[in-house]
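Please look through the sequence and the structure shown below before reading on. The report that follows takes up salt bridges, nonpolar cores and a hairpin in turn.

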Amino acid sequence: MSTTELLRREWTAFRRPSRLIALAAAALAVIALGLLSAAGNRSSCAGACPAVPVADDGSVVSDRFWFMHRDLGREGSITVRLTSMTGTITYPPPHHDRIVPGLVPWAKAGIIVKDGLRQGSRYAALTMTGGNGVRFQYDYTHDVAGSPGPVTEQSPRWLRLTRSGDTITGAESADGTRWHTVATATLDGLPDVVQVGLFATSPGDLTLRPVGLGGAVEEVRFTQAVGVFDNVTVEGGAAGGWHSDPVGQMNQTDWEKYHNASGAIERDGVITVSGTGDIGPLSEDGARGVGTTLPGLVVALTVLLVVAARYGTRTAHEGPTRRVVFARAAVVAGAAFVTGLVAAGVVVPAGMAILDHNGIPVQPVPAPTLARVIVGVAVVLALCAALAYGLGVWLRRGGAAMAVGLSLVALPYAVTTVPLLPDGVAEWLLRLTPAAGFAVRQTAVEYPQVTAHHAPSAGYFPLPWWGGLAVLCAYTVVVAWVALGRTRGADTDWR
């Protein structure tokens, strides 16, 4: 019997109504739960929400700060001395009006060149941060470290941005005489006149509240940063004076309205700028990703593991040859692959469209990455089914095979998608168990300069997608090798 005929025969034997119904139920569970989850995510704003900033590359970003600015031509520079950087952190209820001094690590005060006041427009900034020293940042995702340490009265920081056409250079100095270049960026297509000036911003203070068996959920406290500047010099400025404006909405919270509104004040050559917000990529916490559309994977995975383990047990009791075992494993894996491909292919694009329609920020995903997620999920489900089938052949008992398969794959995946376990434990489960394969669904990028909870429950896997897939493949190969050791040799008519 040829290989094609054998596969056709085994597929005919596999496609019993009960199994086909189980596969259809698995696919429908992924689609239904994903669409319900997306439909249930709606904007919580009273009235119309402010538009989410979109950068030139189409990504959604954070772009909110207070800006004291003026025009700058194609050639010119701004030089300032930053003498002080302070901040405040506001505690939420029940600690009303509890305000403490402090700076979050990525609070920023410094100088910036920006293509107008539109949120999401191109920029380059040289800034002092609350805990990461001087940084040169541009176009939201790029971050270059300058000198470490804080700014104090005894150790002020001189900052300079120089524009030459589309090239922006950032330099710093301890005394205003000896300058050190931090970095240079090319912002193609800058207009002849851009805005240059002083800014301050501060992202929320992220704290983790313990839940479950040691897991954590995110809570964000309102913060504000204040920078004090003097020796402000602009060369190459176009006609016109200084203006003070927020980029993005500010002074909207009760704390800002009644305590200390953000803004800029100039007195005797000293300029104080205070602001809240952030400039950078929008994290997975702020913008929904592909993972939001796939809560039903746990259900589908459980169904496929049970079906495959039971079929493997039945195969073992029939005492087949290795050739038949291979053919049946291929049929099981192929059926799981099609199930996953249909389910993910429907729910991912549809779910993301629903989220966008509901006013939820959705981080755009390039077409190759989207294809990798959809096909990758199908491949992972196929490998998991093959693994469970191999366990059935090896252990020869359906209950034992199902228990081991669910414990190795479904349980680790399920408990790491929610904030149940400590982050470290969840990360190790996704390194050491076959559930590591689900790293194929990750699209979130971990940016060090973004305040976010980089944990599995928030959509961040400890291994790259290919690394997680390699772990799952290794488990599947080992189980298959052991299972084949318990079967008879191959048929002599293998072709």
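## Salt bridges and their surroundings

In this predicted model, the side chains of Arg 314 and Glu 318 come together in a salt bridge, with 3.3 Å from N to O. The two residues are four places apart in helix H4, so about one helical turn separates them. Arg 314 is partly exposed, with a relative accessibility of 30%, and Glu 318 is also counted as partly exposed, at 42%.

This pair does not stand alone, since Arg 314 and Glu 318 belong to a network of salt bridges that also links Arg 9, Glu 10 and Arg 328. Within that network, the side chains of Arg 9 and Glu 10 meet at 2.8 Å, N to O. Here the two partners differ in their surroundings, because Arg 9 is partly exposed at 39% relative accessibility, whereas Glu 10 is buried, with a relative accessible area of 2%. Over the whole structure, a search finds 16 salt bridges, and the table lists some of them.

| Salt bridge | N to O distance |
|---|---|
| Arg 9 and Glu 10 | 2.8 Å |
| Arg 135 and Asp 143 | 2.5 Å |
| Arg 314 and Glu 318 | 3.3 Å |

## A hairpin with a salt bridge

Arg 135 leads to another part of the model, where strand E6 (residues 134–138) pairs with strand E7 (residues 142–145) in the antiparallel sense, over four bridges. The two strands form a hairpin with three residues between them, and in the turn Asp 139 has a positive phi of about 45°. Arg 135 stands opposite Ala 145 in E7, while the salt bridge of Arg 135 is made with Asp 143, their closest N and O atoms being 2.5 Å apart. Is Arg 135 buried or exposed? With a relative accessible area of 14%, Arg 135 is buried, but its partner Asp 143 is partly exposed, at 24%.

## Nonpolar cores

In soluble globular proteins, nonpolar side chains tend to be buried together. In this model the largest nonpolar core has 62 residues, and Leu 301 and Phe 438 are those with the most contacts inside it. The elements that each give two or more residues to this core are H2, H4, H5, H6, H7 and H9, and the largest share, 13 residues, comes from H6. If residues up to four places away in sequence are not counted, Leu 301 touches Leu 381, Cys 384, Val 409, Ala 410, Tyr 413 and Phe 438. A second, separate core has 37 residues, including Ile 78, Val 151, Leu 159 and Val 182.

Which residues are in contact with Tyr 389, leaving aside its neighbours within four places in sequence? Tyr 389 lies in helix H6 and is buried, at 1% relative accessibility. Its contacts are Ala 308, Ala 309, Tyr 311, Gly 312, Thr 315, Val 325, Arg 328, Ala 329 and Val 332. One of these, Arg 328, is also part of the salt-bridge network described above. Tyr 389 and Arg 310 are 79 residues apart in sequence, yet their C-alpha atoms are 7.4 Å apart in space.

## A nonpolar patch at the surface

Nonpolar side chains also appear at the surface, where Leu 33, Leu 36 and Val 299 make a patch of about 250 Å². Leu 33 is placed in helix H2 (residues 17–40) and is partly exposed, with a relative accessible area of 36%.

Conventions:
Residues are numbered from 1 along each chain as its sequence is written. This is a predicted model: local features need pLDDT of at least 70, side-chain atom pairs count only at pLDDT 80 or more; totals for chains, interfaces and linings use all residues. Side-chain values use heavy atoms; hydrogens and water are left out. Two strands pair if DSSP finds at least two bridges between them. Patches are made of residues with over 30% relative accessible area and no salt bridge: like charges are joined within 9 Å, nonpolar side chains (Val, Leu, Ile, Met, Phe, Trp, Tyr) within 5 Å. Accessible areas come from the Shrake-Rupley method with a 1.4 Å probe; for residues, only the protein chains shown count as cover. A salt bridge is a side-chain nitrogen of Lys or Arg within 4 Å of a carboxyl oxygen of Asp or Glu. Buried means under 20% relative accessible area, exposed over 50%, partly exposed in between (1.4 Å probe, protein chains only). A nonpolar core is a set of buried Ala, Val, Leu, Ile, Met, Phe, Trp, Tyr and Cys residues joined through side-chain atoms within 4.5 Å. Contact means heavy atoms within 4.5 Å.
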